[in-house]
Amino acid sequence: MEQTNSHRPQVSAFALFLTFSRITLSGFGGLMFWARRGLVERQRWLTEQEFMDLLVLGQLLPGPNVLNLTVMVGYRFGGWTGAAAAVAGFLGCPCLVVIGMGVLYQQYGALPHVQQALAGMSTVAVGLLLATVIKLATVLPRHWRPWLFGVLAFVGVGVLR
Amino acid sequence: MERLDLSALFLHFLLLWFVAIGGPSTILPDIHRYVVEVHHLLTSQQFAEIYTLAQVAPGPNAMYVTLIGWHLAGWAGAAATTLPLLVPASTLTLLVGHLNERYPNAPIGRAIRRGLTPITIGLMFASGWILMRAVNRDWRGYLITLLTIALVLRKPWNPLWLLAAGALAGTLGLV
């Protein structure tokens, strides 16, 4: 399954900015889930396979993989302007939100309820991440070899460290 | 606590992001060494709190670097630690993205995608696995994580509700 140019949607820089703002602001405890949901399920800008291809490249390049994915999606649909708009959406608001949360945390972080709520959210966030990986694994061909490499990578890093 | 040299901080983070293959968590130990052990700008406890906060905040988990900078020197500090994040993305990634669009069927691109897709999936599953074991203290936590996976795979609900339910479960002491 290679990428085709024939049915690529028209996307404006503003739409890129909005979509990536939305992805990033929903992204409690990890962005992989929200990036896939936004780009593949909601907007249908990318197929499952195209999403996976860009994610693989994003993983290979230095820096956060979803940021690399953002740059490449922006560039694909809007050239330089699109890439800049996507990144502005992706990093702009979270920058302010995380600082705002830092200020709030200095005031209220010691409250036990806050700690407990954060623990509960982390538990759900991990479930979202794992569910995304399970959905993405459907792009692997029905053949034992890719699955073997996937399992080896998982065991090497996840179980044996 | 040492006097803070913002330009040194900027350069150090810039260098780190260029070697940060595999994501922001790979350079976490080095940032910890630089900020806590070598320069004593934060205590280890403060560092851990900042990191956790960025994990639960909306946005990329890498934003913990923004919060470190903000904590050290306000807006200037936040800029010194955040701007380096953009440099590899706006140079190397754009170049690769450009080549990938220009030559979508290049053999090297296909080889990379075909070879690394299973590895990437395996590594992402491993991250989820490690996090699951780190955040869940007993069977109730694991049950909530598994329930989340099942619901996401079967129901089209907005997952923000699941996160809110998780926060509620935590507040009630179920996790």
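**Chain A as a whole**

Select chain A and display it as a cartoon: there are six helices and zero strands in this chain. The model is a predicted one. Followed along the sequence, the pattern of chain A reads α-α-α-α-α-α. If only the C-alpha atoms are shown, they fill a box of roughly 55 × 45 × 25 Å along the principal axes.

Next, display the surface of chain A. Its accessible area comes to about 7200 Å², and 66% of that belongs to carbon and sulfur atoms. Of the 161 residues in chain A, 56% count as buried. Contacts within the chain may also be considered by their distance along the sequence: among those with a separation of 6 or more, 56% are between residues 24 or more positions apart.

**The end of helix α1 in chain A**

Select Ser26(A), which is placed in helix α1 (residues 13-26) of chain A. Is this residue buried or exposed? Ser26(A) counts as buried because its relative accessibility is 12%, below the 20% cut-off for that class. Show the side chain of Ser26(A) and the backbone of Arg22(A): the side chain reaches the backbone oxygen of Arg22(A) at 2.7 Å. Then display Trp34(A) and Leu160(B), with which Ser26(A) is in contact when neighbours within four places in sequence are left aside.

**Two loops with a positive phi**

Move to Arg44(A), in the loop between α2 (32-42) and α3 of chain A. Arg44(A) is not a glycine, yet it has a positive phi of about 55°. With a relative accessible area of 65%, Arg44(A) is exposed.

Now select His40(B), which is found in the loop between α2 (28-38) and α3 of chain B. The phi of His40(B) is near 50°, a positive value in a residue other than glycine. His40(B) is partly exposed, its relative accessible area being 45%.

**Salt bridges in chain A**

Over all chains, the structure holds eight salt bridges. Begin with Glu41(A) and Arg36(A), which form a salt bridge whose closest N and O atoms are 2.9 Å apart. How accessible are the two partners? Glu41(A) counts as partly exposed at 35% relative accessibility, whereas Arg36(A) counts as buried at 5%.

Select Arg76(A) and Glu50(A) next. They form a salt bridge in which the closest N and O atoms lie 4.0 Å apart. Arg76(A) belongs to helix α4 (residues 65-108) of chain A and Glu50(A) to helix α3 (residues 48-60) of that chain, so the pair ties together parts that are 26 residues apart in sequence. Both Arg76(A) and Glu50(A) are buried.

**From chain A to chain B**

Keep Arg76(A) selected and add Glu101(B). These residues also form a salt bridge, with the closest N and O atoms 2.9 Å apart. Arg76(A) is in helix α4 of chain A and Glu101(B) is in helix α4 of chain B, so the pair joins two chains. The relative accessible area of Arg76(A) is 8%, and the residue is buried. For a group of linked partners, select Arg36(A), Glu41(A), Glu48(A) and Lys135(A): salt bridges that share partners join them into one network.

How many salt bridges are found across the interface of chain B and chain A? There are two. One of them can be viewed by selecting Asp53(A) and Arg113(B), whose closest N and O atoms are 3.4 Å apart.

**The interface**

Display both chains and select the residues that meet: 80 residues of chain B are in contact with 82 residues of chain A. The area buried between the two chains is about 7300 Å², and carbon and sulfur atoms give 79% of it. On the side of chain B, select Pro58(B), Met124(B) and Leu163(B); these lose the most area to chain A, together 9% of what that side buries.

Between chain B and chain A, eight residue pairs are in polar contact. Colour the helices of chain B one by one: α1 (6-19), α3 (44-56), α4 (64-102), α5 (107-135), α6 (139-154) and α7 (159-171) each supply at least two residues of the side that touches chain A. Which helix gives the most to this side? It is α5(B), with 21 residues. Finally, colour this side of chain B by residue class: it has 50 nonpolar, 26 polar and four charged residues.

Methods
Residues numbered from 1 in each chain as written. Chains lettered and ligands numbered in written order. Predicted model: local features only at pLDDT ≥ 70, side-chain atom pairs only at ≥ 80, totals over all residues. Heavy atoms only, no water. Contact = heavy atoms within 4.5 Å. Buried area = accessible area lost by both parts, 1.4 Å probe. Salt bridge = Lys/Arg side-chain N within 4 Å of Asp/Glu carboxyl O. Polar contact = N/O pair within 3.5 Å; in protein donor to acceptor, adjacent residues only side chain to side chain. Helix = DSSP H or I, 4+ residues; strand = E, 2+ residues; numbered from the N terminus. Nonpolar A, V, L, I, M, F, W, Y, C, P; charged D, E, K, R; others polar. Buried < 20%, exposed > 50% of the residue type's maximum accessible area, 1.4 Å probe, protein only. Areas by Shrake-Rupley, 256 points an atom, 1.4 Å probe, with all protein chains shown as cover.
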